[in-house]
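User: I would like to go through the ligand site and the empty spaces of this protein. Could we take the ligand first?

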Amino acid sequence: PGHGETQTAPSSAFQTIPNNFISFRRLTSIKQTALDALPGSSWTPLQMNPNLPPERADIVIVGGGVVGWSVAYWLKQKERVRGGVKVVVVERDPTYSRASTVLSAGGIRQQFSLSENILLSLHSAHFMRNINDHLGVLNEDPVDLQFNHSGYLFLASEDVAHIMEENYKTQRYAGAKVSLLTPTQLKEKFPWINTDGVALASYGLENEGWFDPWTLLSAFRRKAISMGVIPCCGEVTGFQYKTNTVSTREGDQVILRRIRSVKVQMPNSLEYQPVECSIVVNAAGAFSGKLAQMLGIGNGPEDSLTGISVPVEPRKRYIYVVHCPDGPGLDTPFLIDYSGVYFRREGLGGNYIAGTSPLEAEEPDTSDLEVDHQFFVDKVWPSLCHRVPAFESLKVSSAWAGFYDYNTFDQNGIIGMHPLVNNMYFATGFSGHGLQHSPAVGRGLAELIIEGGYKTIDLSALDFRRILSHEPMLERNIV
Ligand SMILES: Cc1cc2nc3c(=O)[nH]c(=O)nc-3n(C[C@H](O)[C@H](O)[C@H](O)COP(=O)(O)OP(=O)(O)OC[C@H]3O[C@@H](n4cnc5c(N)ncnc54)[C@H](O)[C@@H]3O)c2cc1C
């Protein structure tokens, strides 16, 4: 009992919901409409460099989402210590219509089970608190992330409460301020919650909440450009590289690659411009696995190193915007039910966003970003009503879909150099937490590239070796 799959939505839902949905796809663009739906969003179209990219660069970053621009910013920060670095960011879609960053829920939390993820959140939260010290630009408006301070509230059922306690200890040890609540304490703090089935809850006391993803992306971009990073509008469609065959200790032949140039196809044209470079950063988000394939990664025999692909692919996730005048108020946390269903407040006035991830066997088609409205009725609403009875009267006002940069291996970031392509670095696969970690990930990767090793947080456990050695780093009982 208490799980979304086993409950049914109130029968009135089936008559009222379909008419209340607004299809984002029917309007001019997903990007504009998705952000229009979110009060306070500040999306405006970007000016991208219409010229050809330079013929040479030191570092080419593929993907101008929040991760790519964070890496670019931090590379320029490091340059101050080590001298000039010519950095180009190549982005194929200046409208960001399918980029994960702008279609995300904008949340940041400390509540992970892996210390790397907790530290990434702590560092990123510190960065966001002091954002204008980092991303402020002289004579330009200060950055306002529209940060809503609000704890995440994770609910655990009896069978996993012990894992929540262990996670709590790890989080406290890493420096995160989290508290555990018994069902009675939970009810006292949030009287609108139905505590049936809840054995334990954990609640973030600081450094948690949500913010405007678009503002963070454009602030990174604005600052990086002011520091000399070159933005380029085009699609990376291939690489020129040289190969070198070496033998492993076991006697296997392995082909190593070194990229010499990146092929950048210009918008609305079949022409491409090769950009010679020393280093490539793969920050192509949900499409970073596909980008790696262009180098032959994953194309070798199944049981060989070259047969191991970069396990990142797009997975469609829906976010529903609901209105419920009688729903919980200002102190609403970002609630994650043990069924996997989540919701948080969206502005004031009884608006919320909600969603859940589908079961592996029910992953939707990723050829488009259409929203499945029935998914809300079947998989989201029942758990919402169970946990917050006031949600029985909610109305869905709009919805959108975005792609997770989903790491099929262990749903965690893949950060660092590829062992078979020794000048391609990765920052991808974050699967639902890449936005919040982008400030600290960008910093870490810049340290690795410019200084040859991590200085702030040791992220080496998140590199490719775990994939080659089949040792997944899984979050325990945490979305
Ligand atoms: C519904 C949803 C909710 C989410 N909620 C949260 C949340 O609450 N908190 C959180 O931290 N994270 C969340 N995420 C995850 C987060 O959005 C991502 O992990 C993060 O934005 C990844 O950033 P990115 O820069 O790697 O990817 P993107 O923003 O997708 O940027 C990658 C860019 O690369 C470009 N690109 C791809 N291939 C090429 C190519 N060949 N040439 C040129 N350009 C290319 C794309 O056009 C794209 O703009 C959510 C995601 C979704 C979909």
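User: What lies 3.2 Å from an oxygen atom of the ligand?

Analyst: This is a predicted model. The atom in question is a backbone N or O atom of Val-66, which lies 3.2 Å from an oxygen atom of the ligand.

User: Which residue has a backbone N or O atom 2.9 Å from an oxygen atom of the ligand?

Analyst: That residue is Ser-100.

User: And which one has a backbone N or O atom 3.0 Å from a nitrogen atom of the ligand?

Analyst: Val-236 provides that backbone atom.

User: How much of the ligand's accessible area does the protein cover?

Analyst: On its own the ligand has 1,000 Å² of accessible area, and the protein covers 96% of that.

User: Which elements give two or more residues to the shell around the ligand?

Analyst: There are helices and strands in the list. The helices are helix 3 (66–82) and helix 11 (434–451). The strands are strand 2 (87–91), strand 10 (235–247), strand 13 (312–323) and strand 17 (395–407).

User: Which strand gives the most?

Analyst: Strand 17 does, with 4 residues in the shell around the ligand.

User: Which residues come nearest to the ligand?

Analyst: Of the 37 residues around the ligand, the nearest are Glu-91, Thr-101, Gly-107, Asp-405 and Gln-436. By class, the shell holds 17 nonpolar, 15 polar and 5 charged residues.

User: Which domains does the shell draw on?

Analyst: At least three residues come from each of domain 1 (4–31 + 148–208 + 316–404) and domain 2 (37–147 + 209–311 + 408–479).

User: Changing topic to pockets: how much space lies in the second largest one?

Analyst: The second largest pocket holds about 350 Å³ of space. Its lining comprises 13 residues, and those nearest its centre are Asp-141, Thr-215, Ser-218, Ala-219 and Arg-222.

User: What classes make up that lining?

Analyst: The lining of the second largest pocket has 4 nonpolar, 4 polar and 5 charged residues.

User: How many cavities of 30 Å³ or more are there?

Analyst: The count is 1 cavity of 30 Å³ or more. About 40 Å³ of space lies in the largest cavity.

User: Which residues line the largest cavity?

Analyst: The lining consists of His-123, Ala-440, Arg-443, Gly-444, Glu-447, Thr-456, Ile-457 and Leu-459. Helix 11 supplies the largest share of that lining, 4 residues, and helix 11 also gives two or more residues to the shell around the ligand. By class, the cavity lining has 3 nonpolar, 3 polar and 2 charged residues.

Technical notes. Residues numbered from 1 in each chain as written. Predicted model: local features only at pLDDT ≥ 70, side-chain atom pairs only at ≥ 80, totals over all residues. Heavy atoms only, no water. Near = heavy atom within 4 Å. Polar contact = N/O pair within 3.5 Å; in protein donor to acceptor, adjacent residues only side chain to side chain. Areas by Shrake-Rupley, 256 points an atom, 1.4 Å probe, with all protein chains shown as cover. Nonpolar A, V, L, I, M, F, W, Y, C, P; charged D, E, K, R; others polar. Domains from an automatic or database assignment. 1 Å grid on protein atoms, 1.4 Å probe; cavity = no way out; pocket = protein on both sides within 12 Å on 5 of 7 lines; lining within 4 Å. Points joined across faces, edges and corners; volume = space filled by probe spheres on them.
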